[in-house]
Amino acid sequence: MKRFVLAVTGASGVCYGKRLFDCLKGQAEIHVIVSERGAELLNVELGLKPAYFKGKHVKLHKTTRINSSIASGSFRVDGMAIVPASMGTIGRIAAGISGNLIERAADVMLKEKRKLIIVPREAPLSTIHLKNLLALDQAGALILPASPGFYQGQNTVEALVDFVVARILDHLGVEQDLMPPYDA
Ligand SMILES: Cc1cc2nc3c(=O)[nH]c(=O)nc-3n(C[C@H](O)[C@H](O)[C@H](O)COP(=O)(O)O)c2cc1C
């Protein structure tokens, strides 16, 4: 069974993180971390609490618990996705702060040359945001913006969320049937 880390931070679009969790649940071991602001957005946008992220093979970590398994490079994980990723978290990871478990787990992914998928959500983007995203790209992260395409025909909110989540699953190496490959 593959092992992934999913971090949900305080950007709009927590529906993407929830949908990713729902798709991975039962298929992979999932280590979830929700930032304090991420918990607020979960409540505001979906009426959910972090306790939603539970189940078999799921571990919900506290952001303050920096000595968790996923804070160590010796604990092998197949990938980490930050969905959605706030510009605050992105800036702190780009600066190597490692001040909470999300930042540390991401830092570990970069130093161990493992897959780190960052799904930013902000508009417009400042020079600082762009520089931080470039720094993370150069450090080996994959920047996968929460910007769905509209060419699949079905443009319900659910279909647009699935568009982004399908790309995340593709990059995590997880089979998905949310969106077929484009074939005109
Ligand atoms: C309702 C609400 C919506 C927000 N949306 C975004 C957003 O889309 N993108 C972003 O980068 N920050 C957004 N923020 C700001 C972040 O939540 C804030 O910078 C926070 O400190 C990020 O903390 P975290 O990275 O630890 O989750 C939002 C804040 C609130 C209260």
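**Exercise 1.** How many nonpolar, polar and charged residues does the shell around the ligand have?

*Solution.* The model is predicted. Start with the count: 14 residues surround the ligand. The closest are Thr 9, Gly 10, Ala 11, Ser 35 and Met 87. Next, look for the elements that give two or more residues to this shell; they are α2 (36-46) and α3 (87-94). Sorted by class, the shell has three nonpolar, eight polar and three charged residues.

**Exercise 2.** Find the order of the strands in the sheet, and name the edge strands.

*Solution.* The sheet is open and is formed by six strands, in the order β3-β2-β1-β4-β5-β6. Their pairing is parallel. The edge strands, β3 (58-61) and β6 (142-143), each pair on one side only. Now take one pair: β2 (residues 28-34) is joined to β3 by four bridges. Within this pair, His 31 stands opposite Lys 59 in β3. Finally, add a helix: α1 (residues 14-24) lies across β1 (2-8), β2, β4 (79-85) and β5 (116-120). Helix α1 runs at about 150° to β4.

**Exercise 3.** Describe how α3 and α4 cross, and list the residues that meet.

*Solution.* Two packed helices are described by the angle and the distance between their axes. The axes of α3 and α4 (residues 101-111) come within 9 Å and cross at roughly 50°. Therefore α3 is oblique to α4. The crossing is right-handed. On the α3 side, Thr 89, Arg 92 and Ile 93 take part; they meet Ile 102, Glu 103, Ala 106 and Asp 107 in α4. By class, the residues of this contact are three nonpolar, one polar and three charged.

Methods: Residues numbered from 1 in each chain as written. Predicted model: local features only at pLDDT ≥ 70, side-chain atom pairs only at ≥ 80, totals over all residues. Pairing = 2+ DSSP bridges. Contact = placed C-beta atoms within 7 Å. Axes fitted to C-alpha atoms, helices over the stretch in contact; angles between N-to-C directions. Near = placed C-beta within 6 Å. Nonpolar A, V, L, I, M, F, W, Y, C, P; charged D, E, K, R; others polar. Parallel < 35°, antiparallel > 145°, perpendicular 65-115°, else oblique. Left-handed = near helix turned anticlockwise from the far one by under 90°.
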